[in-house]
Amino acid sequence: MKIYKVDSAENICCPFCDKVVLSNESESEPEECQHTLLIATDEGVEYHADHFDIEELEEKTEELSWDEAISAVDNPKAVLIKTYAPAPSSFGAYYLFEG
Ligand SMILES: [Zn+2]
């Protein structure tokens, strides 16, 4: 799995179809595309595709942070984009895509 870190001020775009999944304009809601497997933050899941095994991931977050659990997803075709809000919050958001 490829993992990219993107500045939290940037748009989040699908690496496969270039759709803007999260615009950096204020108050915008995520809009998933057909490649989106998962949208999650440090507080939990915002969206997941029907075929994505969310229960396995949630089990892992009992011991790991969301960041660690999502980074450990074993899917060679997937691309993970991470963003972190500026310190001191450093709040993380995670966007997982599969081509
Ligand atoms: Zn896409």
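D18 sits out in the open, counting as exposed at 59% relative accessibility. The model discussed here is a predicted one. Within it, D18 belongs to the loop that runs between β2 (12–13) and β3 (20–22). Its backbone is worth a look too: phi of D18 is near 70°, a positive value in a residue other than glycine.

Next comes the metal site. The zinc ion is held by three cysteine sulfurs, those of C14, C17 and C33 (SG in each case), together with ND1 of H35, at 2.0 to 2.4 Å. Along the chain, these donor residues follow the spacing C-x2-C-x15-C-x1-H. What is the geometry of the site? With angles of 101 to 116° among the 4 donor atoms, the site of the zinc ion is tetrahedral. For reference, the ideal angle for four tetrahedral donors is 109.5 degrees. As for the surroundings of the cysteines, C14 is buried, with 1% relative accessibility, while C17 is partly exposed at a relative accessible area of 34%. The cut-off for buried is under 20% relative accessible area, so C14 falls below it, and C17, at 34%, does not.

Aromatic contacts come next. Searching the whole structure turns up 1 aromatic pair. The partners are Y84 and Y94, whose ring centres are 6.3 Å apart; their planes meet at 75°, so the pair is edge-to-face. Since Y84 lies in strand β6 (residues 78–84) and Y94 in strand β7 (residues 92–98), the pair ties together parts that are 10 residues apart in sequence. How accessible are the two tyrosines? Y94 counts as buried at 1% relative accessibility, whereas Y84 counts as partly exposed at 24%.

The loop between β6 and β7 has some backbone features of its own. P88 lies in this loop, and a cis peptide bond joins A87 to P88, with omega at about 10°. S90 is found in the loop between β6 and β7 as well. Although S90 is not a glycine, its phi is positive, at about 50°. With a relative accessibility of 37%, S90 counts as partly exposed.

Strands β6 and β7 turn up again in the pockets. The largest pocket has a volume of about 270 Å³. It is lined by 19 residues, and the closest to its centre are S8, L22, T83, A93 and Y95. Which strands each supply at least two residues of this lining? They are β4 (36–41), β6 and β7. By residue type, the lining of the largest pocket divides into 10 nonpolar, 6 polar and 3 charged residues.

The second largest pocket holds about 180 Å³ of space. Residues that line it include L37, H51, F52, D53 and E98. Helix α1 (residues 54–60) gives the most to this lining, with 3 residues; E56, L57 and K60 are among the lining residues. A further stretch of the lining includes A72, V73, D74 and N75. The makeup of the second largest pocket is 5 nonpolar, 2 polar and 5 charged residues.

A72, one of the residues lining the second largest pocket, has a place in the loop between α2 and β6. It is partly exposed, with a relative accessible area of 41%. How far from M1 does A72 lie in space? The C-alpha atoms of A72 and M1 are 8.9 Å apart, although 71 residues separate the two in sequence. A72 can also be set against E62, which is 10 residues away along the chain; here the C-alpha atoms are separated by 14 Å. E62 itself lies in the loop between α1 and α2 (66–71). At 68% relative accessibility, E62 counts as exposed. The cut-off for exposed is over 50%, so E62 passes it, while A72, at 41%, stays in the partly exposed class.

How values were computed: Residues numbered from 1 in each chain as written. Predicted model: local features only at pLDDT ≥ 70, side-chain atom pairs only at ≥ 80, totals over all residues. Heavy atoms only, no water. Donors = N, O, S within 2.8 Å, 3.2 Å for Na, K, Ca; no water. Tetrahedral: all angles 85-135°; square planar, octahedral: opposite > 155°, others 65-115°. Buried < 20%, exposed > 50% of the residue type's maximum accessible area, 1.4 Å probe, protein only. Phe/Tyr/Trp six-rings, centres within 6.5 Å; stacked < 30°, edge-to-face > 60°. Helix = DSSP H or I, 4+ residues; strand = E, 2+ residues; numbered from the N terminus. 1 Å grid on protein atoms, 1.4 Å probe; cavity = no way out; pocket = protein on both sides within 12 Å on 5 of 7 lines; lining within 4 Å. Points joined across faces, edges and corners; volume = space filled by probe spheres on them. Nonpolar A, V, L, I, M, F, W, Y, C, P; charged D, E, K, R; others polar.
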